[in-house]
Amino acid sequence: MGALSIGMVLVLSALTISLLLLSLQAQQRARQMRETANRLTTILETSLDAVVVFSATGRILAINSAAEQMFEFQRAEAIGGKMTDLLVPALHREKFLSTIRDYMLNGQSDIIGAGRISMTAMRKSRAIFPIEFSIDQIGGSDEPIFVTFIRDITERRATELTLVEARDKALAGERAKAEFLAVMSHEMRTPLNGLLGTLGLLQDTPLSDQQHAYISNMQASGKLLMHHVNDVLEISKLEAGKVAITNTPFSLHDMLEEIIQGQAPQAQANANTLNVHWVSQPVPYIVCDPVRLRQILLNLLSNALKFTKNGAVTLEIETFGKANSEEIEFRVIDTGIGIQEQYLEQIFGDFETVDGTYGRATQGTGLGLGISRRLTRAMGGEIGVESTVDVGSVF
Ligand code: ADP
């Protein structure tokens, strides 16, 4: 009996101790859970995004303060209510319900766990506003619970809209300006043609030497004006994408000959030599737009001759690629005034000229290189420049 009693007392003591330990553990776990819950609440409350937790039946289980502010609901009003009645606008209700339904059936969705999605939501006042949200399932519990983070993007949308409007206005302004330039330059050409034609006729009538000289001056000025007007018209057309590029096989040799002959007087006027030099084997024919190629080469050559005195201008040609036929490079090289490095990119812009001694003396609209660059690009090519002041340039 004695031994049994002692045994019983021991067993009871052991049980009491283990019960005490268990209760201590339970208390500790409860404290940990409270702490975790507190931490979670703090995280959710400090979130700038609205957080809404809801069940698989679409009942709201919890919302944070940001959600209260965003949706204009008191927490007590929202909790227990249906997502589809309170937060989801009529337009998206069916989609919301089917998404949850499908997810519960297949565990898959293009929305749940799919990252950031743009949509609209509804405030208590029934006002609809744009949001960005992400949604995911909280694992661990028996019944699935969903959590969604929602961001009100009303202001961002408004800013975007203002920016788009400003851009559209600027573009419309640009278009109007381009249209104006195109119309004006076109309208100026007709009377100018009339003037130049009549001057030509006048030249053939009996005139004194002095009158002849005056008319020659007027003709020279008229032609220059026509050249400028044509440049402006060309830019407008290129900007409007109205210039069609053709691909024709033609004799490069004939074209170069003709260009060099045409430029000879200009070369002489500044005491320059003008030569063509093939670096690779000359190719007799090439395929591209002959009119545009001539226009580009003429512009580069006349610039080179304009900005060089008592020097040399060379047109170097080299072919590259398979059987020397894939790419062709034209280099217009001069020993003229050169261009300072900071202007090298700028001169390809419209109406850009570099202030220089010859520059001011020579006339130009500053459109030539802009046109050349557009034309080169339209033909799938590239144009660039290297230059050293007082040594010369290579275009
Ligand atoms: P424009 O010749 O009508 O002024 P461009 O667009 O053809 O217009 O040339 C722009 C500017 O680039 C010229 O005004 C000149 O300052 C500079 N430039 C062009 N080619 C040369 C060159 N070969 N040597 C020196 N400067 C040049």
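## A five-stranded sheet and a ligand site

In this predicted model, five strands form an open sheet in the order β7-β9-β10-β12-β11, and their pairing is mixed. The two edge strands are β7, residues 273-278, and β11, residues 386-388, and each of them pairs on one side only. On average, neighbouring strands of the sheet are turned by 10° against each other, with direction ignored.

Strands of a sheet pair through backbone hydrogen bonds, in either a parallel or an antiparallel sense. Three of the pairs can be followed bridge by bridge. β9 and β10 run antiparallel and are joined by 8 bridges; within this pair, Phe320 has Glu327 of β10 as its bridge partner. β10 and β12 also run antiparallel, with 2 bridges between them, and here Ile333 is the bridge partner of Val394 in β12. At the β11 edge, β11 pairs with β12 (residues 392-394) in the antiparallel sense over 3 bridges. In that pair Ser387 stands opposite Ser393 of β12.

Two helices pack on the sheet. Helix α8, residues 252-269, touches β7, β9 (312-320) and β10 (327-334). The direction of α8 makes about 160° with that of β7. Helix α9, residues 290-306, packs on the sheet as well and touches β7, β9 and β10. The direction of α9 makes about 20° with that of β10.

### The ligand

Helix α9 also takes part in the surroundings of the ligand. Which element gives the most to the shell around the ligand? It is α9, with 4 residues. There are 21 residues around the ligand, and those that come nearest are Asn303, Lys306, Asp334, Val354 and Leu369. By class, the shell holds 9 nonpolar, 9 polar and 3 charged residues.

The table lists polar contacts between the ligand and the protein.

| Ligand atom | Protein partner | Distance |
|---|---|---|
| nitrogen | Asp334, N or O atom in the side chain | 2.8 Å |
| oxygen | Gly366, polar backbone atom | 3.1 Å |
| oxygen | Leu369, polar backbone atom | 2.8 Å |

On its own, the ligand has 540 Å² of accessible area, and the protein covers 96% of this. The elements that give two or more residues to the shell are α9 and α11 (368-378).

Taken together, α9 packs on the sheet and is also the element that gives the most residues to the shell around the ligand. Asp334 is among the residues that come nearest to the ligand, and β10 spans residues 327-334.

How values were computed: Residues numbered from 1 in each chain as written. Predicted model: local features only at pLDDT ≥ 70, side-chain atom pairs only at ≥ 80, totals over all residues. Heavy atoms only, no water. Pairing = 2+ DSSP bridges. Axes fitted to C-alpha atoms, helices over the stretch in contact; angles between N-to-C directions. Contact = heavy atoms within 4.5 Å. Near = heavy atom within 4 Å. Polar contact = N/O pair within 3.5 Å; in protein donor to acceptor, adjacent residues only side chain to side chain. Areas by Shrake-Rupley, 256 points an atom, 1.4 Å probe, with all protein chains shown as cover. Nonpolar A, V, L, I, M, F, W, Y, C, P; charged D, E, K, R; others polar.
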